[in-house]
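Hello,

Here is the structure I promised to pass on to you. Have a look at it first, and then read on for my notes.

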Amino acid sequence: MAGNTSTSPILESLTNVLDLLPGAMLLLDLRGDILHGNHAAVRMLGIEDARPSFYDLVADSESLQRSLRDARRSTGSLPFSFILLGQDCSVGAIAKPVMTEPGKPPTHILVTCQSHDDAGYKMRMLNRELDRDSDD
């Protein structure tokens, strides 16, 4: 799912930094399309082989769609939080605007994910990696 989201140097730098972070992060456009997911987000959300609609991953997609519509009009509604349906657990998430040009409205949204059961999530991910290694 990793890849260049735009020719913008700011967005290219942002996606490079996201890939280095251990926490799960997604970059969305203002419509809610997933443009980039770092490795932790891909594993946590189980979206390794596909780029699903972001709304398919959200527990209350109608509320999130309203918030993103509001975000397109102004930044007043951002940041906001919601629940994502992860592969093995519910995931709390916070969305924040990303401004690619100073003085202009945000053009992207950065989503930071955090497992409600962080220790359990880490253990599940470790077990999954061990299973993959033993299968190989």
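Ser 81 stands opposite Ile 94 in β4. That pair belongs to the pairing of β3 with β4, two strands that run antiparallel and are joined by six bridges. Before I go further, please keep in mind that this is a predicted model.

Strand β3 has two unlike sides. Phe 80, Phe 82 and Leu 84 make up its covered face, while Ser 81, Ile 83 and Leu 85 sit on the uncovered one. The pattern fits a general rule: in a regular strand, side chains alternate between the two faces of the sheet.

Strand β1 is another matter. Both of its faces are covered, with Met 25, Leu 27 and Asp 29 buried on one side and Leu 26 and Leu 28 buried on the other. Because five of the five residues of β1 are buried, the strand is largely enclosed by the rest of the structure. Its partner is β2 (residues 34-37), which runs antiparallel to β1 and is joined to it by three bridges. Within that pairing, Leu 28 has Ile 34 of β2 as its bridge partner. Four residues lie between the two strands of this hairpin, and Gly 32 there takes a positive phi near 100 degrees.

You may like the charged residues around this hairpin. Side chains of opposite charge can pair when their charged atoms come close. How many salt bridges does the model have? The count comes to two. In one, Asp 29 pairs with Arg 31, and the closest N and O atoms are 2.8 Å apart. In the other, the side chains of Asp 33 and Arg 31 meet at 2.9 Å, N to O. Shared partners join Asp 29, Arg 31 and Asp 33 into one network. The three residues differ in their surroundings: Asp 29 is buried, with a relative accessible area of 10%, Asp 33 is partly exposed at 36%, and Arg 31 counts as exposed at 55% relative accessibility.

Now to the interior. The largest nonpolar core has 26 residues, and those with the most contacts inside it are Leu 26, Phe 54, Leu 64, Phe 82, Leu 84 and Val 111. The elements that give two or more residues to this core are β1 (25-29), α2 (39-45), α3 (61-73), β3 (80-85), β4 (90-98) and β5 (108-115). Helix α2 gives the most, with five residues. There is also a second, separate core of seven residues, and Leu 11, Leu 18, Met 25 and Leu 110 are among them.

One last residue to look up is His 108, which lies in strand β5. Is His 108 buried or exposed? His 108 is buried, because its relative accessible area is 10% and the cut-off for buried is under 20%. Its side chain makes a polar contact of 2.8 Å with that of Thr 107. Leaving aside neighbours within four places in sequence, His 108 is in contact with Leu 11, Leu 27, Leu 28, Asp 29, Leu 30, Leu 35, Lys 96, Pro 97, Val 98 and Thr 100. Asp 29, from the salt-bridge network, is thus one of the residues that His 108 touches.

Happy browsing, and best wishes

Note on methods
Residues numbered from 1 in each chain as written. Predicted model: local features only at pLDDT ≥ 70, side-chain atom pairs only at ≥ 80, totals over all residues. Heavy atoms only, no water. Core = buried A, V, L, I, M, F, W, Y, C linked by side-chain atoms within 4.5 Å. Buried < 20%, exposed > 50% of the residue type's maximum accessible area, 1.4 Å probe, protein only. Polar contact = N/O pair within 3.5 Å; in protein donor to acceptor, adjacent residues only side chain to side chain. Contact = heavy atoms within 4.5 Å. Pairing = 2+ DSSP bridges. Salt bridge = Lys/Arg side-chain N within 4 Å of Asp/Glu carboxyl O.
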